Amino acid sequence: MFTAFEETHLLKMADSMKEDSVAALLKGIDRYNPENLPTLEHYVQMQAFEQTYNLDANLAVLKLYQFNPNEFKETVTCQILLKSLMNLPHTDFVLCKCLIIEQHQSCENVNKVIKLSNLLETCEFQKFWTKLKNCDDLIEGITGFKESIRSFIVSVLQITYESIAKELLLQLLGFPTETEFSDLLKEYKWVLNNENVLIANQEAHIKSKNISEKITFDNVSSIIRSACK
């Protein structure tokens, strides 16, 4: 029997070995070896379940699909795209999408994820959550997906609003549970005031200020004399 400390240590060693083995597959010509696809596809699934992320490995999978269209797997591609959405506002999704050929982008589920991305990029958050309700099968097994998307939405709201109606905020966040909403209030130090939520600390904001300077003739006379020589 192992102690809790020993189990944690063994898990860390296993994770390190897993990362090292994947890194080896991404070096040199091995990166384009289709025989490595099953291993890399399995690694994508592990990222989804374990809430880890390796963009380089995921791009390698999509590149192999690009070179070997008959090996394409829609489920794995959707997992890669969904994981890249969880890393917004970084441009990972664009990088991934560029490696997917048009024929594969037209696949039903891949197309659904692309539409979800478009809604997030255009800040159509309410429409995003509505559409996501019809995509439960897509995000099943993607640990922390909704939480990551909420974090992105929060980052947008915090630079957009100083205060916002509670009902609108709940809609934009996809109607989190009371516990989830309470946790968000604490995490981001938002203040609930009746039916409004103060989401920005005004004292912490840098206010713009017009600065005017008076320049006299004496200040520029030396410059004018130099220009006239």
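Which residues in H7 meet which residues in H8? In this predicted model, Lys 115, Leu 116, Leu 119 and Leu 120 are the H7 residues of the contact, and their partners in H8 are Phe 125, Lys 127, Phe 128, Lys 131 and Leu 132. By residue class, the contact of H7 with H8 comprises 6 nonpolar and 3 charged residues, with no polar ones. The charged members are lysines, namely Lys 115 on the H7 side and Lys 127 and Lys 131 on the H8 side. The nonpolar members are Leu 116, Leu 119 and Leu 120 from H7, together with Phe 125, Phe 128 and Leu 132 from H8.

Two packed helices are described by the angle between their axes and the distance between the axes. Helix H7 spans residues 108-121 and helix H8 spans residues 125-132. Their axes come within 8 Å and cross at roughly 160°. Angles over 145 degrees count as roughly antiparallel, and H7 and H8 are therefore placed in that class. The crossing of the two helices is left-handed.

These two helices belong to a chain with 13 helices and 3 strands. The chain has 229 residues, of which 36% count as buried. Where contacts in the chain join residues at least 6 apart in sequence, 60% of them are between residues at least 24 apart.

Aromatic side chains were also examined, and the structure holds 5 aromatic pairs. One of them is formed by Tyr 32 and Phe 67, with a centre-to-centre separation of 5.9 Å and an angle of 50° between the planes, and is tilted. This pair links distant parts of the chain, its two residues being 35 residues apart. Tyr 32 lies in the loop between helix H1 (4-25) and helix H2 (37-50), whereas Phe 67 is in helix H3 (residues 55-67). Both rings belong to residues that are partly exposed: the relative accessible area of Tyr 32 is 42%, and Phe 67 has a relative accessibility of 49%.

A further pair is that of Tyr 188 and Trp 190, whose ring centres are 5.4 Å apart. The planes of Tyr 188 and Trp 190 stand at 25°, so the pair is stacked, the cut-off for stacking being under 30 degrees. Tyr 188 is partly exposed, at 21% relative accessibility, while Trp 190 is buried, with a relative accessible area of 6%. The boundary between these two classes is 20% relative accessible area, and Tyr 188 and Trp 190 therefore fall on opposite sides of that boundary.

Notes: Residues are numbered from 1 along each chain as its sequence is written. This is a predicted model: local features need pLDDT of at least 70, side-chain atom pairs count only at pLDDT 80 or more; totals for chains, interfaces and linings use all residues. Side-chain values use heavy atoms; hydrogens and water are left out. Rings of Phe, Tyr and Trp (its six-membered ring) pair if their centres lie within 6.5 Å; planes under 30 degrees apart count as stacked, over 60 as edge-to-face and the rest as tilted. Helices (H or I, at least four residues) and strands (E, at least two) are DSSP runs, numbered from the N terminus. Buried means under 20% relative accessible area, exposed over 50%, partly exposed in between (1.4 Å probe, protein chains only). Axes are lines fitted to C-alpha atoms, for helices over the stretch in contact, and angles run from 0 to 180 degrees between N-to-C directions. Angles under 35 degrees count as roughly parallel, over 145 as roughly antiparallel, 65 to 115 as roughly perpendicular and the rest as oblique. A crossing is left-handed if the near helix is turned anticlockwise from the far one by less than a right angle, and right-handed if clockwise. Contact means heavy atoms within 4.5 Å.
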